[in-house]
Amino acid sequence: MKWKNVLLCALVCVLNGCLILGLFTIQREIGVGDLAADSGEVAPFTKEEETKYVALTFDDGPHARYTEELLDGLKERGVRATFFLIGKSIEGNEDVIKRMSQEGHLIGNHTYSHVQLSKETVESAVQEIEKTNQEIFAVTGKVPEYIRPPFGSWNSKLDDQVEMTVVLWTVDPLDWKTQNTQYVVNHIKKNVKNNSIILLHDVYKTSVQAALEIVDCLQEEGYEFVTVDELMLE
Ligand SMILES: [Zn+2]
């Protein structure tokens, strides 16, 4: 019977050994994780983050000077955006609109003279929209499919008259009101999330500066910039 006791003792010793070794390993792993967190490195067990998408949209342009500066900055950063143009600002700015189209930006309609569509008669509202579509088509060869109603105010009576997709926004830093680059950047950084549509106006220098700063910042955070049609297809 004695050999059985010896065998049992040996088995207990082996199990204890495994347990101690196991605990030791767990402690070491926790230690490594803590060290990585302390030194600011990414811990080895962190899951890789998924791509987040965001769309920059610009209303009220084109502007002879600031839209060009914006296009330069976006090109440098490999970013495409969406521009909702005012029809009456198109004449004289054809080159910048052609460039917009050639560089892959999406061009949409923001009415001919920035009217509040809900306050217009259906006839006048349709004219505001169609005239702008014609002007954009004359420059780019493409009929716009997307419209952003000024003041975000769509007229539901137009649903049967106008075959366009209405695009509103989810992040509004009130850039036109503050005209303060840092305020606009901070507001966007605080409120942006996956699939956000950011509203800006490319007719202010401060907005163009804020837009480019936001691109640099969000690209570092893993965001990919897309046009609104791409976002809506997701
Ligand atoms: Zn507007």
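This section describes helix H2, the nonpolar core, and two residues, Leu 85 and Val 143. The model is predicted, so local features need pLDDT of at least 70, side-chain atom pairs count only at pLDDT 80 or more, and totals for chains, interfaces and linings use all residues. Residues are numbered from 1 along each chain as its sequence is written, and side-chain values use heavy atoms, with hydrogens and water left out.

Helices (H or I, at least four residues) and strands (E, at least two) are DSSP runs, numbered from the N terminus. Helix H2 spans residues 66–77 and has 12 residues. From its first C-alpha to its last, H2 reaches 17 Å. This is close to the expected 16 Å at 1.5 Å a residue, where the expected span is 1.5 Å times one less than the number of residues. Gly 78 follows H2 and has a positive phi, near 65 degrees.

Burial was assigned from relative accessible area: buried is under 20%, exposed over 50%, and partly exposed in between (1.4 Å probe, protein chains only). The buried residues of H2 are Tyr 66, Thr 67, Leu 70, Leu 71, Gly 73 and Leu 74. They lie on the same side of H2, because they cover an arc of only 165 degrees around the axis. The arc is taken from the directions from the helix axis to the C-beta atoms. An α-helix has 3.6 residues a turn, so residues three or four places apart point the same way. On the other side of H2, Lys 75 and Glu 76 are exposed. Contact means heavy atoms within 4.5 Å. The cover over the buried residues of H2 includes strand S1 (52–61), S2, helix H3 (94–102) and helix H7 (205–220).

A nonpolar core is a set of buried Ala, Val, Leu, Ile, Met, Phe, Trp, Tyr and Cys residues joined through side-chain atoms within 4.5 Å. The largest has 34 residues. Leu 56, Leu 74 and Phe 83 touch the most other members. H7 gives the largest share of this core, 7 residues. Beyond four places in sequence, Leu 56 touches residues including Leu 74, Ile 198, Ile 214 and Phe 225.

Leu 85 lies in strand S2 (residues 82–85). Leu 85 counts as buried, because its relative accessibility is 0%. Its contacts beyond four places in sequence include Gly 61, Met 100, His 110 and Thr 132. Leu 85 and Thr 132 are 47 residues apart in sequence, yet 8.1 Å apart in space, C-alpha to C-alpha.

Val 143 sits in the loop between helix H4 (122–140) and strand S4 (146–147). At 53% relative accessibility, Val 143 counts as exposed. Its C-alpha is 6.0 Å from that of Asn 133, 10 residues away along the chain.
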